[in-house]
Amino acid sequence: MVRFRRVRLSRHYLATTVGDLFFHGQGGSLLKSFGVFAISFLARPLGGLFFGPLGDRIGRSKVLVITILMMAAGTTAVGVLPTYQTIGVWAPVLLIVTRLVQGFSTGGEYGGAATFIVESSPDDSRGFLSSFLEFGTLGGYTLGAGLVTVMTVSLPDSAMHSWGWRVPFLCAAPLGLFGLYLRLKLEDSAAFSSAAEKGETSRSPLREIFTEHWRRMLQCIGLVVLLNVAYYTVLTYLPSYFEKHLNFSSTQSLELLIAVYIGMMLVIALVGWLSDRVGRKPVIMASCIGFLLLAYPAFWMFQLHGMVDTAVGLAILAILVVLLSGTMPATLPAIFPTRIRYGGFAISYNLSTSAIGGTAPFVITALIGATGNLYMPAFYLMVAAAVALLTLFTVKETAGQPLAGSASLRSARGHRRRGKR
């Protein structure tokens, strides 16, 4: 399944421009821009609470149609908003409203997409197939950053501030329609369809999640802390960090990040395949330990201000992130049984993201402003890695195993292997 939700993060690559246009003359525009980005995460748990249990009752595919429509509408709306110069204080108010719509819909999007792919994948290749979920995410990052880079280079600053910044957001409309076309053709996952036929779906998934599966929720929340802190720090915050604190041009920082995205896209399926062979836990553990040991050295390399040094530091962080992103889509939904998987995962994921992960750019920007310490992003990553590592010891290995509450789903290769035995 291809996801287009990350195209909306082009707003992050335009954080400085958006801050100037919507908070003009109010001071701290970059911090306020990241603050608006963080505000949307207040709506994500509500989206998870609404869409997750709904998906456990009526099916995954139906809910995914709703979420992509809402996300495309919210992102497109940003592209037509009047700025502060036109309507004053109502400009940031309307920007916040569009972000809340995006956050609410995203609350059901990732959980539904991951659940659908996991439940449709054979046991022995679940990691490999699920990794393409994040391949689509990286594709959205690459598309957003690439479009902004091309426009920044080809347009004068006056044109970029006048109308150019709107183009990436308006691109959400055709992409959303294409995604809707694909999703309308989807049948529901094999696991959910089987459970529905047998009458094994939950009548009150929300109540069941909080009364019977709260331990699973805590496990998911602990792992998501690192996944999202790493994603939002490395893949969305760093362009602004390079531009503001290392004196890189916006074009240079975006070019570096695009190279990282492409490199991650080239290897992410290999990471998923590796998790099918050696297990999810060893791969995730390698990432956790890597962030604990290497996050600080990577940011030290950034402070050398050389393009090569910065590229090496980015490569270190990218490798650690891709170890997570290639493995987590198969790991997190498998924590929950089929009857409450969508809801359990969506609620846990978005609670963790809202509280810690998605607010990372805002928190890091504020910490650097308060302390002047440019290593704050490294410390933030290290703390998140420690939380995830401790959580990992409580999680069962699920690679190659049937999903909880579902029958074994074998690939043709798996059947051949069993036949030879």
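**Helix packing and the largest pocket**

Mentor: In this predicted model, helices H4 and H6 are roughly antiparallel to each other.

Trainee: Why are H4 and H6 given that description?

Mentor: The axes of H4 (residues 60–78) and H6 (residues 90–120) come within 8 Å and cross at roughly 150 degrees. Angles over 145 degrees count as roughly antiparallel, and the pair is therefore placed in that class. In handedness, H4 passes H6 in a left-handed crossing.

Trainee: What classes of residue make up the contact of H4 with H6?

Mentor: That contact divides into 11 nonpolar, 10 polar and 3 charged residues.

Trainee: At what angle do helix H7 and helix H14 pack, and what does the angle make of their relative direction?

Mentor: H7 (residues 126–154) and H14 (residues 250–278) pack at about 170 degrees, their axes being 8 Å apart. Set against the cut-off of 145 degrees, that value makes H7 roughly antiparallel to H14. The residues of their contact comprise 17 nonpolar, 11 polar and 4 charged.

Trainee: How do the axes of H13 and H20 cross?

Mentor: The axes of H13 (residues 214–245) and H20 (residues 376–392) approach within 8 Å, crossing at roughly 160 degrees. As the cut-off is again 145 degrees, H13 is roughly antiparallel to H20. The crossing of H13 past H20 is left-handed. Among the residues making the contact are Gly 222, Leu 223 and Leu 226 of H13, together with Ala 384, Ala 385 and Ala 388 of H20.

Trainee: How is the contact of H13 with H20 composed by class, and why is Gly 222 counted as it is?

Mentor: The contact of H13 with H20 has 17 nonpolar, 4 polar and no charged residues. Gly is placed among the polar residues by the classification used, so Gly 222 of H13 counts as polar.

Trainee: What is the volume of the largest pocket, and which residues are closest to its centre?

Mentor: The volume of the largest pocket is about 310 Å³. Of its 15 lining residues, Arg 216, Ala 334, Ile 335, Lys 396 and Thr 398 are closest to the centre.

Trainee: Which element gives the most to the lining of the largest pocket, and how does the lining divide by class?

Mentor: H13 gives the most, with 3 residues. The lining has 6 nonpolar, 4 polar and 5 charged residues. Arg and Lys count as charged, so Arg 216 and Lys 396 belong to the charged class.

Key. Residues numbered from 1 in each chain as written. Predicted model: local features only at pLDDT ≥ 70, side-chain atom pairs only at ≥ 80, totals over all residues. Heavy atoms only, no water. Axes fitted to C-alpha atoms, helices over the stretch in contact; angles between N-to-C directions. Helix = DSSP H or I, 4+ residues; strand = E, 2+ residues; numbered from the N terminus. Parallel < 35°, antiparallel > 145°, perpendicular 65-115°, else oblique. Left-handed = near helix turned anticlockwise from the far one by under 90°. Contact = heavy atoms within 4.5 Å. 1 Å grid on protein atoms, 1.4 Å probe; cavity = no way out; pocket = protein on both sides within 12 Å on 5 of 7 lines; lining within 4 Å. Points joined across faces, edges and corners; volume = space filled by probe spheres on them.
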